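This briefing concerns the single protein chain shown below. Please read the points that follow alongside its sequence and coordinates.

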Amino acid sequence: MQGLIQVAGVIDQAEADLIVEEGADWLGFALRLPAKNEDLSEAEAKAIVSRIQPECKGVIITYLTEADETAAFCAELGVGAIQMHGDITPAELRRLRRIAPDLYVLKSLVVKTDNITELAGIVEDSAEWVDMFITDTYNPATGAKGATGLVHDWDVSAELVRISPRPLMLAGGLGPDNVAEAIEKVRPAAVDAHTGLENATGRKDRLKVRTFVAEARRAFNRIGAGVPR
Ligand SMILES: O=C(O)c1ccccc1NCC(=O)[C@H](O)[C@H](O)COP(=O)(O)O
């Protein structure tokens, strides 16, 4: 799976329609977060997912760490992919693969200033049960591990691309102005953006989404990643 573009943090149907129209491949719905500050209800997400699929894939972004609850939640919402942003163990990932073998599993690797060794260990221990890794940015000021709007050290992500037996999605502070440079430096299989595509009211800005998708596609073509399907 190469050259894939995800837009995360879908708020409602109108925003999902905008993202689909502008050509993203996957749409991320942040649900069951520790702070319980979801942008939409689970029922709303389920309804949107049923309308965007199969043209686009709906992905749940969550901090769940337990395989049974995760599998049941994905089945309830009708999604075929889950982005595990919490500290799920390799044992639970293995159980998830056994319970839901067709579920596409992304596992986050949250980049801090000095944790490449720890992240390499997570890759080694969990790659067998994961379909794709996603590198994202830690914000030490707030403790947030996602939707920070901050870039991290892309050399760390580039190194993880080199050592990971699974494809890697790059996230964290990406937007129309830096996604091409990020793709060329890191050479990921996929990119993701959330806050960098919003306007001042916190909704996705059509021009930002359009430019992000176009810039990412051009850069993926330049590195020979092509179009996924
Ligand atoms: O998207 C969220 O609301 C979210 C909340 C808590 C943890 C992770 C979350 N999203 C993960 C993503 O895939 C984001 O798109 C990613 O963190 C990039 O966000 P940004 O830096 O704002 O582009």
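Helices (H or I, at least four residues) and strands (E, at least two) are DSSP runs, numbered from the N terminus. The model is a predicted one, in which local features need pLDDT of at least 70 and side-chain atom pairs count only at pLDDT 80 or more, while totals for chains, interfaces and linings use all residues. Residues are numbered from 1 along each chain as its sequence is written, and side-chain values use heavy atoms, with hydrogens and water left out.

**Overall fold and dimensions**

- The protein chain contains eight helices and eight strands.
- For 229 residues, a compact globule would have a radius of gyration near 17 Å, and the 16 Å of the protein chain agrees with this. The radius is taken over C-alpha atoms, and the globule rule is 2.2 Å times the number of residues to the power 0.38.
- Taken along the principal axes, the box filled by the C-alpha atoms of the protein chain is roughly 40 × 40 × 40 Å.
- Of the 229 residues in the protein chain, 52% are buried. Buried means under 20% relative accessible area, exposed means over 50%, and partly exposed lies in between (1.4 Å probe, protein chains only).
- Contact means heavy atoms within 4.5 Å. Among contacts between residues at least 6 apart in sequence, 62% join residues at least 24 apart.

**Surface and charge**

- The protein chain exposes about 10100 Å², of which carbon and sulfur atoms supply 50%. Accessible areas come from the Shrake-Rupley method with a 1.4 Å probe, and for residues only the protein chains shown count as cover.
- There are 25 positive and 35 negative charges, and their mean positions are 3 Å apart. Lys and Arg count as positive and Asp and Glu as negative, whereas His and the chain ends are not counted. Each charge is placed at NZ of Lys, CZ of Arg, CG of Asp or CD of Glu.

**Annotated domain**

- An unreviewed UniProt entry carries the annotation "domain: N-(5'phosphoribosyl) anthranilate isomerase (PRAI)" for residues 9-214. UniProt positions are given in the numbering used here, feature names are shortened, and annotations may be inferred rather than shown by experiment.
- Over residues 9-214, helix accounts for 38% of the chain and strand for 17%, and the end C-alpha atoms lie 20 Å apart.

**Helix 1 and its surroundings**

- In helix 1 (residues 13-21), the buried residues are Glu15, Ala16, Leu18, Ile19 and Val20.
- These buried residues pack against strand 1 (4-8), strand 2 (26-30), helix 2 and helix 8 (206-222).
- Glycine 23, just after helix 1, has a positive phi of about 100°.

**Backbone features in loops**

- A cis peptide bond, with omega near 5°, links glutamine 53 to proline 54. Proline 54 lies in the loop between helix 2 (42-52) and strand 3 (57-62).
- Alanine 147, a residue other than glycine, has a positive phi near 50°. The loop that holds alanine 147 runs between strand 6 (132-137) and helix 6 (154-163). With a relative accessible area of 48%, alanine 147 is partly exposed.
- Arginine 187 also has a positive phi, near 55°. The loop that holds arginine 187 runs between helix 7 (179-186) and strand 8 (190-193). Its relative accessibility of 46% makes arginine 187 partly exposed.

**Selected helical residues**

- Serine 50 belongs to helix 2 and is exposed, with a relative accessible area of 53%. Its C-alpha atom is separated by 7.1 Å from that of glycine 78, which is 28 residues away along the chain.
- Arginine 97 belongs to helix 4 (residues 90-99). Leaving out residues up to four places away in sequence, arginine 97 touches Leu103, Val105, Glu128, Trp129 and Asp131. From arginine 97 to valine 10, the C-alpha separation is 26 Å, across 87 residues of sequence.
- Valine 123 belongs to helix 5 (residues 116-126) and is buried, with a relative accessible area of 3%. Not counting neighbours within four places in sequence, valine 123 is in contact with Leu109, Phe133, Leu160, Ser164 and Pro165. Arginine 166 is 43 residues from valine 123 in sequence and 8.6 Å away in space, C-alpha to C-alpha.
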